[in-house]
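This report walks through one protein model, beginning with a single residue and widening out to the helices around it. Please keep the sequence and the structure in view while reading.

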Amino acid sequence: MPPVLPAFRAALGSIALLAAVATAPYQCASDVDPERRLVEDPSEVLYDLAERFKASGDGRAQADTLRFLIDRYPSSRFAQMARRDLEALGDAGAPGGRDPGDGAR
């Protein structure tokens, strides 16, 4: 009967390993629910900072922060919002905006 015991242990060990792997969570890349994320998106933090500058009446700091956001994170959704905000401010530094004295009227 002793040869049966090691075979039984090996089978039981294999089943336990299979069960552990089958129930383990998969670590796939996915979008994290904003309510459950641990780290904020840097572009969101910059946009929020620009909004705080706007609320305090510091339009220059708001525009500077929005431009920095666009330069640093050009493909983020907050960069798109920043572009719209700069255009609404009439900021010449907004993409698609015109610099004074460029001949456009």
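## A63 and its contacts

In this predicted model, A63 is in contact with L86 and D91 once its neighbours within four places in sequence are left aside. A63 also belongs to the largest nonpolar core of the protein, a group of 11 residues that further consists of L46, Y47, A50, L66, L69, I70, F78, A79, A82 and L86. Three elements give two or more residues to this core, namely helix 2 (42–55), helix 3 and helix 4.

## Overall fold

Four helices and zero strands are found in the protein, and reading along the sequence gives the pattern α-α-α-α. Of the 105 residues, 18% are buried, while the accessible surface comes to about 8400 Å², with 57% of that surface belonging to carbon and sulfur atoms. Among contacts with a separation of 6 or more, 32% are accounted for by residues 24 or more positions apart.

## Helix 3 against helix 4

Two packed helices are described by the angle between their axes and by the distance between those axes. For helix 3 and helix 4 (residues 77–89), the axes come within 9 Å and cross at roughly 140 degrees, and the crossing in which helix 3 passes helix 4 is left-handed. Helix 3 makes the contact through Q62, A63, L66, R67, L69 and I70, and helix 4 makes it through F78, A79, A82, R83, D85, L86 and L89. By type, the residues of this contact divide into nine nonpolar, one polar and three charged.

I70, which is found in helix 3, counts as buried because its relative accessibility is 9%, under the 20% cut-off. The C-alpha atom of I70 is separated by 7.3 Å from that of R83, although the two residues are 13 residues apart along the chain.

## Helix 2 against helix 3

Which residues does A50 touch, not counting residues up to four places away in sequence? They are Q62, T65 and L66. A50 lies in helix 2 and counts as buried because its relative accessibility is 0%, where the limit for a buried residue is under 20%. The C-alpha atoms of A50 and A61 are separated by 7.2 Å, with their positions 11 residues apart along the chain counted as the distance apart.

T65 offers the view from the other side of this pairing: T65 is found in helix 3 (residues 59–72), and, leaving aside neighbours within four places in sequence, T65 is in contact with L46, L49, A50 and F53. With a relative accessible area of 9%, T65 is buried.

## An exposed position on helix 2

Is R52 buried or exposed? R52, which lies in helix 2, is exposed because its relative accessible area is 63%, and the cut-off for an exposed residue is over 50%. Helix 2 therefore holds both A50, which is buried at 0% relative accessibility, and R52, which is exposed at 63%, as both residues lie in that helix. The C-alpha atoms of R52 and Q62, which are 10 residues apart along the chain, are separated by 7.9 Å. Q62 is also one of the residues that A50 touches, and Q62 is among the helix 3 residues in the contact with helix 4.

Note on methods: Residues numbered from 1 in each chain as written. Predicted model: local features only at pLDDT ≥ 70, side-chain atom pairs only at ≥ 80, totals over all residues. Heavy atoms only, no water. Buried < 20%, exposed > 50% of the residue type's maximum accessible area, 1.4 Å probe, protein only. Contact = heavy atoms within 4.5 Å. Areas by Shrake-Rupley, 256 points an atom, 1.4 Å probe, with all protein chains shown as cover. Axes fitted to C-alpha atoms, helices over the stretch in contact; angles between N-to-C directions. Left-handed = near helix turned anticlockwise from the far one by under 90°. Nonpolar A, V, L, I, M, F, W, Y, C, P; charged D, E, K, R; others polar. Core = buried A, V, L, I, M, F, W, Y, C linked by side-chain atoms within 4.5 Å.
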